[in-house]
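Work through the exercises below with the sequence and the model side by side. Try each task before reading its solution.

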Amino acid sequence: MADYDLFNGDADGLCALQQLRLSEPRDSTLITGVKRDIALLSRVAPAAGDRLTVLDISLDKNRADLRRVLEAGASVRWFDHHYAGEIPSHDRFEAHIDPRPDQGTSLLVNHALGGRFLEWALVGTFGDNFDTRARALASEVDLSARDTEALRELGILLNYNGYGAQVSDLHFPPDALFRRLEPYHDPREFIAADEAFGQLRAGYAQDMALAQALAPELASPTHCLLRLPSEPWARRVSGVLGNALAQQAPGRAHALLTVLDQGGYLVSVRAPLERPDGADALCRQFATGGGRKAAAGINALPESDYDRFVSAFHAAFT
């Protein structure tokens, strides 16, 4: 029997897996990638009796491979908050899927484990830009303001590390970063002891300084659109910049379009925090789009679809 852990390479995926493996240690094969790399089940050819744990990736984008894996005799446990479509019923399939706008995968795992590793759940929740939800949970357990801010910063940095067109854009491959997190029951211990935290903090500060010098192509009280250059720093910063802009203007929708080397754009969309809905529906109008209600993206928007996207962006959040 073999174990496979398949997880999104962002903060929510990392922290969801961290909680599960602290609770249920396994010698598993890790399968992950950059944040947009979500067709992860296609990389697995399991045998009967193998166990797959899938975290923070859309079932809808992996439906055919899920069917294949179950037909091979493997069992699958799935935690996610993205659009799933119809959820199949199977005696070897356990689904914990909730697409509500303020529900992250780390929170779903936290609920399943009875809150045993809440600090890690908070890191993942902050990383996914659910600040209100995370702060409320932190106050319930009397976490100090200083510790709350430390967990928030770690969540942002882990999320920042997940963005890029390929793993070489990242400071750390997500599987290697998980192995660095894995020994620590408390994320504050990781912050204090592992030099990766300092490397991510320095990289984030440098990349955000470059991003904040950009002027938006479109700016109004309700919409903001930024075009980023085809540079590794721009690809790394696209997601966390969108989250930061959303926090600064919670009534405004944001779209960040990063120029791709092969032409077209990598798109990140953030719905207004005051109305966290519609981002996934907008992005699914385009061939490579998907995500969740509050935050979604398009992996490759052709230049010819730029005007159509701008019109759809306006319509989605009017």
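The exercises that follow deal with charged pairs and pockets in this structure, which is a predicted model.

**Exercise 1. Find the partner of D10 in a salt bridge, and explain why the pair ties together separate parts of the chain.**

Step 1. Side chains of opposite charge can pair when their charged atoms come close. In the structure as a whole there are 27 salt bridges, and one of them joins D10 to K35, with 2.5 Å between the closest N and O atoms.

Step 2. D10 belongs to the loop between β1 (3-7) and α1 (11-23), while K35 belongs to the loop between β2 (29-31) and β3 (51-55), so the salt bridge holds together parts that are 25 residues apart in sequence.

Step 3. As for their surroundings, D10 and K35 are both buried.

**Exercise 2. Decide for each residue of the pairs D65 with R68 and R100 with D98 whether the residue is buried or partly exposed.**

Step 1. D65 and R68 form a salt bridge whose closest N and O atoms are 2.9 Å apart; the two residues lie in helix α2 (residues 63-71), three residues apart, which is about one turn of the helix.

Step 2. The cut-off needed here is that a residue is buried under 20% relative accessible area and exposed over 50%, with partly exposed in between. Because its relative accessibility is 21%, D65 counts as partly exposed, and R68, at 30%, also counts as partly exposed.

Step 3. R100 and D98 form a salt bridge too, with the closest N and O atoms 2.6 Å apart. Here R100 has a relative accessible area of 49% and is therefore partly exposed, whereas D98, with a value of 14%, is buried.

**Exercise 3. Establish whether R270 has a salt bridge or lacks one, and describe its polar contacts.**

Step 1. R270 is found in strand β9, where this residue is buried yet has no salt bridge.

Step 2. The nearest side chain of opposite charge is that of D128, at a distance of 7.2 Å, and a salt bridge requires the nitrogen and the carboxyl oxygen to be within 4 Å.

Step 3. The side chain of R270 does, however, make a polar contact of 3.1 Å with the side chain of Y163, and one of its polar atoms lies 3.2 Å from the backbone oxygen of G239.

**Exercise 4. Describe the lining of the largest pocket and of the second largest pocket, by residue, element and class.**

Step 1. The largest pocket has a volume of about 390 Å³, and of the 28 residues that line this pocket, R36, H82, G290, G291 and G297 are the closest to its centre.

Step 2. Two or more lining residues come from each of β9 (265-270), β10 (289-291) and β11 (295-301), and the largest share, four residues, is that of β11. Sorted by class, the lining of the largest pocket holds six nonpolar, 14 polar and eight charged residues.

Step 3. The second largest pocket contains about 260 Å³ of space; 18 residues line this pocket, and the closest to its centre are N129, F130, D131, L273 and P276.

Step 4. At least two residues of this second lining are supplied by each of α5 (131-140) and α10 (232-248), and the classes here are eight nonpolar, four polar and six charged residues.

Technical notes. Residues are numbered from 1 along each chain as its sequence is written. This is a predicted model: local features need pLDDT of at least 70, side-chain atom pairs count only at pLDDT 80 or more; totals for chains, interfaces and linings use all residues. Side-chain values use heavy atoms; hydrogens and water are left out. Buried means under 20% relative accessible area, exposed over 50%, partly exposed in between (1.4 Å probe, protein chains only). On a 1 Å grid over the protein atoms alone, a cavity is a set of points where a 1.4 Å probe fits but cannot get out, and a pocket is an open set with protein on both sides within 12 Å along at least five of seven lines; lining residues have an atom within 4 Å of a point. Grid points are joined across faces, edges and corners, and a volume is the space filled by probe spheres set on the points. Ala, Val, Leu, Ile, Met, Phe, Trp, Tyr, Cys and Pro count as nonpolar, Asp, Glu, Lys and Arg as charged, and the others, Gly among them, as polar. Lys and Arg count as positive and Asp and Glu as negative; His and the chain ends are not counted. A polar contact is a pair of N or O atoms within 3.5 Å; within protein, one must be able to donate a hydrogen and the other to accept it, and residues adjacent in sequence count only if both atoms are side-chain atoms.
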